[in-house]
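Me: Please examine one part of this model closely, namely a place where two helices pack against each other. I should like a formal and connected account that sets this packing within the chain as a whole.

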Amino acid sequence: MLLFAEEQFERSAKAADGNAKGDHLDAAKRHPLYREPQALVRAQLPFELAHVWQFFVQMSRKRQNGMAVNPLSSLDILAWQLRHRIRLAVWEEELVDQLDAAYISHQNSSP
């Protein structure tokens, strides 16, 4: 799942013109002369973990931003659970934390 998340974060990163890199790739694929690299294997979102990805995306939309992107706090996660009347299992919370760490790492590495 973390590989899938990394690919999604990379696709959503801004290119030099301000558009998402994934938008550029999708536009290139529509060109009649485009040939996709044969070795490209995309990570798939495991069906069993799709709900955790959706939870993370929802939480991330409410993320606090200052001079930089801030990590999701435990209070942010708790507030999301209360609002949606969902209690995450310990392993789901840990996975959200791992996804958030990958997201923050990706944001900090972007130019």
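Reply: A residue is called buried here when its relative accessible area is under 20%, exposed when that area is over 50%, and partly exposed in between. By this criterion, buried residues account for 26% of the 111 residues in the protein chain. The model under discussion is a predicted one.

The setting may be described first. The protein chain contains 5 helices and 0 strands, and its pattern along the sequence is α-α-α-α-α. Its C-alpha trace extends over about 50 × 35 × 20 Å along the principal axes. Of the contacts in the protein chain between residues at least 6 apart in sequence, 60% join residues at least 24 apart.

The part chosen for close inspection is the packing of helix H3, residues 50-61, against helix H5, residues 90-109. The axes of H3 and H5 come within 10 Å and cross at roughly 55 degrees. Angles from 65 to 115 degrees count as roughly perpendicular and those under 35 degrees as roughly parallel; H3 and H5 are therefore oblique to each other. The handedness of the crossing between H3 and H5 is right-handed.

On the H3 side, the residues in contact are His51, Val52, Trp53, Phe56, Met59 and Ser60. Their counterparts in H5 are Trp91, Glu92, Leu95, Val96, Leu99, Asp100 and Tyr103. Sorted by class, this contact comprises 9 nonpolar, 2 polar and 2 charged residues.

Helix H1, residues 2-12, is also associated with this pair, and in H1 the residues Phe4, Ala5 and Phe9 are buried. Viewed down the axis of H1, the buried residues lie within an arc of 135 degrees, so they line one face of the helix. H3 and H5 are among the elements that cover the buried residues of H1. Thus H3 and H5 meet each other through the residues named above, and both also contribute to the cover over H1.

Asp100, one of the H5 residues that meet H3, also offers a link to a loop. Ser73 is located in the loop between H3 and helix H4, which covers residues 74-84. Although Ser73 and Asp100 are separated by 27 residues in sequence, their C-alpha atoms are 9.8 Å apart in space. With a relative accessibility of 31%, Ser73 is classed as partly exposed, since this value falls between the cut-offs of 20% and 50%.

Conventions
Residues numbered from 1 in each chain as written. Predicted model: local features only at pLDDT ≥ 70, side-chain atom pairs only at ≥ 80, totals over all residues. Heavy atoms only, no water. Axes fitted to C-alpha atoms, helices over the stretch in contact; angles between N-to-C directions. Helix = DSSP H or I, 4+ residues; strand = E, 2+ residues; numbered from the N terminus. Parallel < 35°, antiparallel > 145°, perpendicular 65-115°, else oblique. Left-handed = near helix turned anticlockwise from the far one by under 90°. Contact = heavy atoms within 4.5 Å. Nonpolar A, V, L, I, M, F, W, Y, C, P; charged D, E, K, R; others polar. Buried < 20%, exposed > 50% of the residue type's maximum accessible area, 1.4 Å probe, protein only. Arc of directions from axis to C-beta.
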